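Q: Please examine closely the interface between the two chains of this model. How are the two copies related, and what makes up the surface between them?

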Number of protein chains: 2
Amino acid sequence: MGIEREVAIATSKADAGTRSPWKTAEERTREREQLRELKREAVLLAAAQEFNARGYHNTTLEAIAERLNVTKPTIYYYVTNKDEILTEIFRTGCAALSKAADEVDNSDLKGLDKLAAFMRRYAELMTTDFVMNVTLLEDTCLGPEIRAEVREIKSSIDRRFRTFVAEGIRDGAIAECDPKMAAFTIAGALNGIARWYQPGGPLEPPEIAETIVNLLVEGLRVR
Amino acid sequence: MGIEREVAIATSKADAGTRSPWKTAEERTREREQLRELKREAVLLAAAQEFNARGYHNTTLEAIAERLNVTKPTIYYYVTNKDEILTEIFRTGCAALSKAADEVDNSDLKGLDKLAAFMRRYAELMTTDFVMNVTLLEDTCLGPEIRAEVREIKSSIDRRFRTFVAEGIRDGAIAECDPKMAAFTIAGALNGIARWYQPGGPLEPPEIAETIVNLLVEGLRVR
């Protein structure tokens, strides 16, 4: 996500250049906001990596700052404490998955093709630093209120899978099954990617996504 | 596993009764050992539950003892410290999965049937208190040596899946695929059970196992 934003900032700079060498106040504000968001995400990613490597309780804000080569006060500019960091990590990670579901849902795809497209997007997101680290984090460290919020966000993604499966059953492309169990099975297989994926392996993320989606769609038994 | 042992102890008592009302020294020793193992497993299960509910670092030996209605010195009779508990939890849980793989491997089943049988056993184990809690535990709290041991045990189960998939491809029942990716996909879907399974739900463990195995074997697309 960070890289997408950097490209967006670079593009908006280039656009501005064709009109005037000076940026408008609006452009400067937008760039500042984008840069702040980019840095906030870097803080969240560094924190998620530290939490996964060392456990939530063993991680200090100093260690997160060190990973980013900044001081602790710089971190406080983006987040107020460790609890807030953990909550924001879950919110940001789940938002990326929800966005992918929305985009697929708003496309012209139907039934099994729509489900497969979301599965591919979901699988590829699992190989990104941010979503991978969110998936590996346990929510046991969260207070009851925030934990309930995180679980509701996760449920909303589960509902997307169930809806897409049910649509596919209705239009006849997906075999009769319990959409709830199918959603659990699919999410389990795809979330697993976060546990075994290593960048630099023999398969690139799109190939991994394609292979797993094919296995789930076609099944192990020869057709 | 605990219940199986209790039945075994009761049965060995009944057998002894038909021969003599007094137990032999050997029988008494065996019963003592079985009871000790049963209690050790109860300590490990209580610990795994506490670690999952509160996080490893927030869990004290006192809390584990309290869950079992015993004192802390009683716990020390079975384990020496929290690190050992965590290692033993992983060893015991993975041993249950390995045993299931051995039993299926020593049966007359072949290829896809063998794989499906192991998948069913694995899925059912995921709904048991012990294996469920082991699966939910993170190994980040383990020291590097023990972590390496735990990862090797987990790898050995992954190799069983790959071997069974490869056998099924050779005999023509499983469609051509990368056994490594198939093993990851299957394990991800099955390990996921530990995250969503709730005792008392509409489906019993054997039905859950059957449904998921069927989805993975036949695929989502109608045949």
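A: The following account treats the contact between chain A and chain B.

This is a predicted model, in which local features need pLDDT of at least 70 and side-chain atom pairs count only at pLDDT 80 or more, while totals for chains, interfaces and linings use all residues. Residues are numbered from 1 along each chain as its sequence is written, chains are lettered from A in the order in which they are written, and side-chain values use heavy atoms, with hydrogens and water left out.

The interface joins 39 residues of chain A to 39 residues of chain B, contact meaning heavy atoms within 4.5 Å. The two chains bury about 3,500 Å² between them, 63% of it on carbon and sulfur atoms; this is the accessible area (1.4 Å probe) lost on being put together, summed over both parts. Within chain A, Met181(A), Leu220(A) and Arg221(A) lose the most area to chain B, together 21% of what that side buries.

Two salt bridges are counted between the chains, each a side-chain nitrogen of Lys or Arg within 4 Å of a carboxyl oxygen of Asp or Glu. Glu218(A) and Arg221(B) form a salt bridge through their side chains, at 3.0 Å from N to O.

A rotation of 180° with 0.0 Å of shift along its axis superposes chain A on chain B, with an RMSD of 0.1 Å, by least squares on the C-alpha atoms of residues with pLDDT of at least 70 in both. The two copies are thus related as by a two-fold rotation axis. In chain A, the C-alpha of Gly219(A) is nearest the axis, 1.7 Å from it. The same surface serves both copies, as 100% of the contact residues of chain A recur in chain B.
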